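Hello,

Here is the structure I promised to pass on to you. Have a look at it first, and then read on for what turned up when I went through it.

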Amino acid sequence: PALHRQRHQFVIDFVKQHKPKKVVDLGCSECSLLKKLRFHREIELLVGLDVNGAKVKKHMYGLAPISTDYLQPTYDQLCIELYQGSVTQEDARLRGFDLVTAIELIEHLTLADVGLFSAVLFGYMTPVAVIVSTPNSEFNPLLPGLRGFRHSDHKFEWTRAEFRSWALKVCLDYGYEVAFTGVGQAPQGQQESVGFCSQIGVFHRIGGRNGCNMLLDDDADDVFSYTLLYSIKY
Ligand code: SAM
């Protein structure tokens, strides 16, 4: 299967196993992961955020319920919200989630913005779990005809060591642990030396749901920097 499908399937498998109730997809783009996740009805709140509001608006109506969705009486209520905004900015509505996904997002940020994003995500949103995927540059020589980066908008593509070093730093700074994996296998015998085509870090907050001693219900100076584009209750 295509690589983007494999990345989304990785998230879906994680959702099936861990059953998060509140999920945010950062850099939700054409909302294709959200469209798959809405069928996993352990999820009660599904949120998408992208800096490109026009792109989200073009695709968000595909998230509207179809009439048969109401014929499933066993489903709990699902709420979907889409926002335009930057992952480098804090917004109180994205705090305290069970799972945050950032699939092929960080390589679109400058390194300075990766620093801001890390602080916003791990230090402010403080989700229980995070899945980050990004290209593994060590795999690039196996991609036919590729010169330079995989996409013209990429600001960098990291080796496994570079990704690991960012991830471990974030864990130290914000109290998370991380496991490394990926999707997109190299041909037989080359897996060890080049790794996966897309590298993935799966982060868990140390102490789980209670690992954050911040008072999430203290809303005295809540920040709202994102614009709500779409909101629907199933
Ligand atoms: N996650 C998508 C998926 O799995 O199908 C693909 C993501 S696409 C390659 C990268 C997205 O990140 C784009 O839609 C882009 O607009 C968004 N993006 C780039 N910088 C951003 C930022 N600072 N804040 C939020 N989204 C951003």
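The shell around the ligand is made up of 5 nonpolar, 8 polar and 3 charged residues. Please keep in mind as you read that this is a predicted model.

**The ligand and its surroundings**

Which residues come nearest to the ligand? Among the 16 residues around it, the nearest are His8, Gly27, Asp50, Ser86 and Ile103. If you want to find the place by eye, look for the largest pocket, since the ligand takes up that space.

Three side chains offer polar atoms to the ligand at short range, and they are listed here for you to check on screen:

- Ser86: an N or O atom of its side chain is 3.0 Å from a nitrogen atom of the ligand.
- Lys55: a polar atom of its side chain is 3.2 Å from an oxygen atom of the ligand.
- Ser29: a polar atom of its side chain lies 3.4 Å from an oxygen atom of the ligand.

How much of the ligand does the protein bury? On its own the ligand would expose 610 Å², and 83% of that is buried by the protein.

Two of these neighbours can be placed in more detail. Ile103, one of the residues that come nearest to the ligand, belongs to strand 4. Is Ile103 buried or exposed? Its relative accessibility is 11%, and because the limit for buried is under 20%, Ile103 counts as buried. Along the sequence Ile103 is 101 residues away from Ala2, and their C-alpha atoms are 15 Å apart in space.

Ser29 sits in the loop between strand 1 and helix 2, the latter covering residues 32-37. With a relative accessible area of 22%, Ser29 is partly exposed.

**Two backbone angles to look at**

Most residues other than glycine have a negative phi. Ser29 is not a glycine, yet its phi is positive, at about 55°. Lys19 is another residue other than glycine with a positive value, its phi being near 50°. You will find Lys19 in the loop that runs between helix 1 (3-18) and strand 1 (22-26). Lys19 counts as partly exposed, at 45% relative accessibility.

**A buried polar pair**

Next, please turn to Glu104 and Ser133. Glu104 is in the loop between strand 4 (99-103) and helix 4 (111-125), while Ser133 is part of strand 5, residues 129-135. What is the distance of the polar contact that joins their side chains? It is 2.7 Å.

Both partners are buried, but their values are worth reading one by one. Ser133 has a relative accessible area of 1%. Glu104 has a relative accessibility of 17%, and it counts as buried because the cut-off is under 20%. The side chain of Glu104 also has a polar atom 3.2 Å from the backbone nitrogen of Thr134.

**A few other places along the chain**

Arg93 lies in the loop between strand 3 (79-84) and strand 4. At 29% relative accessibility, Arg93 counts as partly exposed. How far from Arg93 is Tyr226 in space? The two are 133 residues apart in sequence, and the distance from C-alpha to C-alpha is 8.9 Å.

Arg7 is found in helix 1. At 12% relative accessibility, Arg7 counts as buried. Leu146 is 139 residues from Arg7 along the chain, and 21 Å separates their C-alpha atoms.

Ile43 has its place in the loop between helix 2 and strand 2 (45-50). Its relative accessible area is 0%, so Ile43 is buried. The C-alpha atoms of Ile43 and Val23 are separated by 7.1 Å, with their positions 20 residues apart in the chain counted as sequence separation.

If you have only a few minutes, I would begin at the ligand with Ser86, Lys55 and Ser29, and then move on to the contact between Glu104 and Ser133.

Happy browsing, and best wishes

Technical notes. Residues are numbered from 1 along each chain as its sequence is written. This is a predicted model: local features need pLDDT of at least 70, side-chain atom pairs count only at pLDDT 80 or more; totals for chains, interfaces and linings use all residues. Side-chain values use heavy atoms; hydrogens and water are left out. A residue is near a molecule or strand if one of its heavy atoms lies within 4 Å of it. A polar contact is a pair of N or O atoms within 3.5 Å; within protein, one must be able to donate a hydrogen and the other to accept it, and residues adjacent in sequence count only if both atoms are side-chain atoms. Accessible areas come from the Shrake-Rupley method with a 1.4 Å probe; for residues, only the protein chains shown count as cover. On a 1 Å grid over the protein atoms alone, a cavity is a set of points where a 1.4 Å probe fits but cannot get out, and a pocket is an open set with protein on both sides within 12 Å along at least five of seven lines; lining residues have an atom within 4 Å of a point. A molecule sits in a cavity or pocket if more than half of its atoms lie within 2 Å of its grid points. Ala, Val, Leu, Ile, Met, Phe, Trp, Tyr, Cys and Pro count as nonpolar, Asp, Glu, Lys and Arg as charged, and the others, Gly among them, as polar. Helices (H or I, at least four residues) and strands (E, at least two) are DSSP runs, numbered from the N terminus. Buried means under 20% relative accessible area, exposed over 50%, partly exposed in between (1.4 Å probe, protein chains only).
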